[in-house]
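User: Please take a close look at one part of this model, the sheets and the helices that pack on them, and explain how the pieces fit together. I would like one connected account, with the residues named wherever they can be.

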Amino acid sequence: MKINIIGRRMDVDESLKALIDKKLVKLDKYFKDDAVAYVTLSREKNAERLELTVSSGGTLFRAEERDETFNNALDTAIDVIERQIRKNKTRLEKRLREGAFRTIEAQPEEFEETFRIREKTFVIKPMSPEEAILQMNLIGHEFFLFLNTETDAMSVVYKRKDGGYGLIRPEK
């Protein structure tokens with residue numbers, strides 16, 4: 001697995017890079033050689049924040065953790081990724097490394113559940129991202145799909161955990 005380590009508004013020292021490399025080896029048993037891990041580190045007021053994203057075969061696994069130390073946040077993030085893999089074991093078997101699940105004993109509550117999909121249709125109106133955020137807030141949703149008048153493409157606005165908003169748009 002290739003590992004990219006990024007420090008946001010901070011320098012990442014070599015000992016921390018070595019620790020990350022050492023701990024991420026634990027995930028190698030699940031992924032093929034084409035897997036890429038992105039580790040983004042940043043310091044906040046009272047905590048250290050670590051984002052771990054693993055990309056393999058077109059599938060993304062992501063965990064974001066805050067803790068007193070990067071070491072603790074990394075351990076928790078790796079556990080989250082492993083839990084995601086175990087929970088979706090059947091769906092992921094074809095995408096992950098062959099034999100990745102031979103040694104895993106799933107906990108009874110971690111067996112794969114069936115997806116309950118509620119379908120909804122609505123008229124899509126062309127609007128700006130600002131209008132879409134207003135519409136999203138008016139209907140009380142966490143995200144909103146719309147035809148972006150600025151790009152003439154389908155886009156999604158969503159509420160972020162930090163209280164801000166995000167915009168997802170397709171790459172051309």
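Analyst: What follows goes through one sheet with its helices and core, and then through the other sheet with its helix. The model is a predicted one, and local features are described only where pLDDT is at least 70.

The sheet that comes earlier in the numbering is open and has four strands in the order β1-β2-β3-β4, with mixed pairing. Its edges are formed by β1 and β4, each of which pairs on one side only, and from one strand to the next the twist averages 15°. The parallel part of the pairing is found between β1 (residues 2-7) and β2 (residues 36-43), which are held by six bridges; within this pair, asparagine 4 of β1 lies opposite tyrosine 38 of β2. The connection between these two strands includes helix α1 (residues 14-24), and β1, α1 and β2 together make a β-α-β unit that is left-handed.

The next neighbours, β2 and β3, are antiparallel and share eight bridges, with leucine 41 standing opposite leucine 50 of β3. Helix α1 packs on this sheet, where it touches β1, β2 and β3, and its direction makes about 140° with that of β1. Helix α2 (residues 70-87) packs on the sheet as well, touching β2, β3 and β4, with a direction at about 145° to that of β4.

The sheet is completed by the antiparallel pair of β3 (residues 48-56) and β4 (residues 59-67), joined by nine bridges, in which valine 54 has phenylalanine 61 of β4 as its bridge partner. These two strands form a hairpin with two residues between them, and glycine 57 in the turn has a positive phi of about 55°.

What do the side chains of this part contribute to the interior? The largest nonpolar core has 25 residues, and those with the most contacts inside it are Leu24, Leu27, Phe31, Leu41, Leu50 and Leu52. Two or more residues of this core come from each of α1, β2, β3, β4 and α2, and α2 gives the largest share, eight residues. In soluble globular proteins, nonpolar side chains tend to be buried together. Leucine 50 can serve as an example of the surroundings: leaving aside residues up to four places away in sequence, its contacts include Val39, Thr40 and Leu41, and also Ala63, Glu64 and Glu65. The contacts of leucine 50 further include Phe70, Ala73, Leu74 and Ala77, and these four positions fall within the residue range of α2, 70-87.

A second core, separate from the one just described, has six residues, among them Met127, Ala132, Phe144 and Val157. This leads to the other sheet, which is also open, with four strands in the order β5-β6-β7-β8 and mixed pairing. β5 (126-127) and β8 (165-168) stand at its edges with a single partner strand each, so that one side of each lacks a neighbour in the sheet.

In the interior of the order, β6 (residues 143-148) and β7 (residues 153-159) run antiparallel and are joined by six bridges. Along this pair, phenylalanine 143 stands opposite tyrosine 158 of β7, and leucine 147 stands opposite methionine 154 of β7. The hairpin of β6 and β7 has four residues between the strands, and aspartate 152 in this hairpin takes a positive phi near 55°. β7 is in turn joined to β8 by four bridges, again in the antiparallel sense, with valine 157 opposite leucine 167 of β8. Five residues lie between the strands in the hairpin of β7 and β8, where glycine 163 takes a positive phi near 95°.

Helix α4 (residues 129-139) lies across β5, β6, β7 and β8, running at about 150° to β6. Which residues of α4 are buried, and why do they lie on the same side? Pro129, Ala132 and Met136 are the buried ones, and because they cover an arc of only 55° around the axis, they are placed on the same side of α4. The buried residues of α4 are covered by elements that include β5, β6, β7 and β8. Glu130, Leu134 and Leu138, on the other side of the helix, are exposed. Just after α4, glycine 140 adopts a positive phi of about 75°.

Key: Residues numbered from 1 in each chain as written. Predicted model: local features only at pLDDT ≥ 70, side-chain atom pairs only at ≥ 80, totals over all residues. Heavy atoms only, no water. Pairing = 2+ DSSP bridges. Contact = heavy atoms within 4.5 Å. Axes fitted to C-alpha atoms, helices over the stretch in contact; angles between N-to-C directions. Right-handed = clockwise from strand over helix to strand, strands pointing away. Buried < 20%, exposed > 50% of the residue type's maximum accessible area, 1.4 Å probe, protein only. Arc of directions from axis to C-beta. Core = buried A, V, L, I, M, F, W, Y, C linked by side-chain atoms within 4.5 Å.
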